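Q: I have a model open and would like to go through it with you. Could you help me read it?

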Amino acid sequence: MPITRILHFELLGFLYGLAAIVAFQMLTGRINLKGLFQQKDGSTQTSPERIQLLLATIAAASSYLGEVAKSSTGTMPDVSNNWLYLMGGSSGIYAVGKAWKTWTSSNKLGGRS
Amino acid sequence: MSVMAQVCGFTLCAFLGALCATIIAWIWMGKIDLSQLISEPSGDASMSRFQLLIFTFVIAISLFVLVEANHGAIPDIPSGVLTLLGISASTYAVSKGISYSQPQLLTPQAGSAADTGGGAAVAQAAADEASEHAAAAQQAAATTQAAVSQMAVHAAAAQQAVQQTAEKEAKAQQAADKATGNQP
């Protein structure tokens, strides 16, 4: 077996192993996931922009993995502009929402002190 | 030359394999702690870190899978993929900037610290720090106590010396009176 193939399988195995361990630790609670969907302004309310970002992320990632699985030529499939607009918009909504909540919470704290 | 190249190649393979296996084993055994992998400084999990983690794994695994189909050559990475990773990394950077722009919100909240894994870790760290400070304070108190004891010993010795000097002075006075014939 050529050395390049051995290296390739080593690194692919490492990536799969790392992904599996991270997924396992997330599912068993060893990697902290508390507050993933909650607003960071002190309340325990669920944040809609976080949920839509998670859904968009999972959708884009699974769509891309599907295209990679279908690819038989060995070239990386491109991501269509529609997915890029979706991810850009989704991330933008998340960032703007987070900035708004952070600064309003900060003003409330500043007013109290 | 060809044998030398083969030996170097297999050595590199063995080194990389051992490195990968060690990293995986240490993560599994907990020597490499990933519990705060996607957590913010406040202890809560961050959505932008989670997104960046997912995209990094997806693109990296896709690349390695396609290398096999491309006869061992690394395929070109299309601009759309780079843009997607850029969006994700920018979201992470902006999110981090927003978090650090208000440092008072970075501290863990007392109410959620008790029932969250990250909060528990932060509380444990604070408890460890407090116990370190308590040990240092105890040591300082012991040192002060020893210094006070030493001062008391010195004070007693000084008092004794003063007493002895007074006695000697009285004896000397008595001897002087005796010599001059002045009886008290």
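Q: How do the axes of helix α1 of chain A and α1(B) cross?
A: This is a predicted model, and in it the axes of α1(A), taken over residues 3-27, and α1(B) come within 10 Å and cross at roughly 5 degrees. Because angles under 35 degrees count as roughly parallel, α1(A) is roughly parallel to α1(B).

Q: Which residues make that contact?
A: From α1(A) the contact draws on Ile3(A), Ile6(A), Leu7(A), Glu10(A), Phe14(A), Gly17(A), Leu18(A) and Ile21(A), while α1(B) brings Gly9(B), Phe10(B), Cys13(B), Leu16(B), Gly17(B), Cys20(B), Ile24(B), Ile27(B) and Trp28(B).

Q: And how many of those are nonpolar, polar or charged?
A: In the contact of α1(A) with α1(B), 13 residues are nonpolar, 3 are polar and 1 is charged.

Q: Zooming out, how many residues does each chain put into the contact?
A: Chain B gives 58 residues and chain A gives 55. On the side of chain B that touches chain A, the elements with two or more residues there are α1 (2-29), α2 (47-69), α3 (79-101) and α5 (117-180), and α2(B) supplies the largest share, 17 residues.

Q: What's the chemistry of that side of chain B?
A: The side of chain B that touches chain A is made up of 34 nonpolar, 21 polar and 3 charged residues.

Q: Switching to chain A, what is its secondary structure?
A: Chain A has 3 helices and 0 strands, so that from the N terminus on its elements run α-α-α, helices being DSSP runs.

Q: How much of chain A is buried?
A: Of the 113 residues in chain A, 21% are buried.

How values were computed. Residues numbered from 1 in each chain as written. Chains lettered and ligands numbered in written order. Predicted model: local features only at pLDDT ≥ 70, side-chain atom pairs only at ≥ 80, totals over all residues. Contact = placed C-beta atoms within 7 Å. Helix = DSSP H or I, 4+ residues; strand = E, 2+ residues; numbered from the N terminus. Nonpolar A, V, L, I, M, F, W, Y, C, P; charged D, E, K, R; others polar. Axes fitted to C-alpha atoms, helices over the stretch in contact; angles between N-to-C directions. Parallel < 35°, antiparallel > 145°, perpendicular 65-115°, else oblique. Buried ≥ 20, exposed ≤ 12 C-beta atoms within 10 Å, placed from the backbone.
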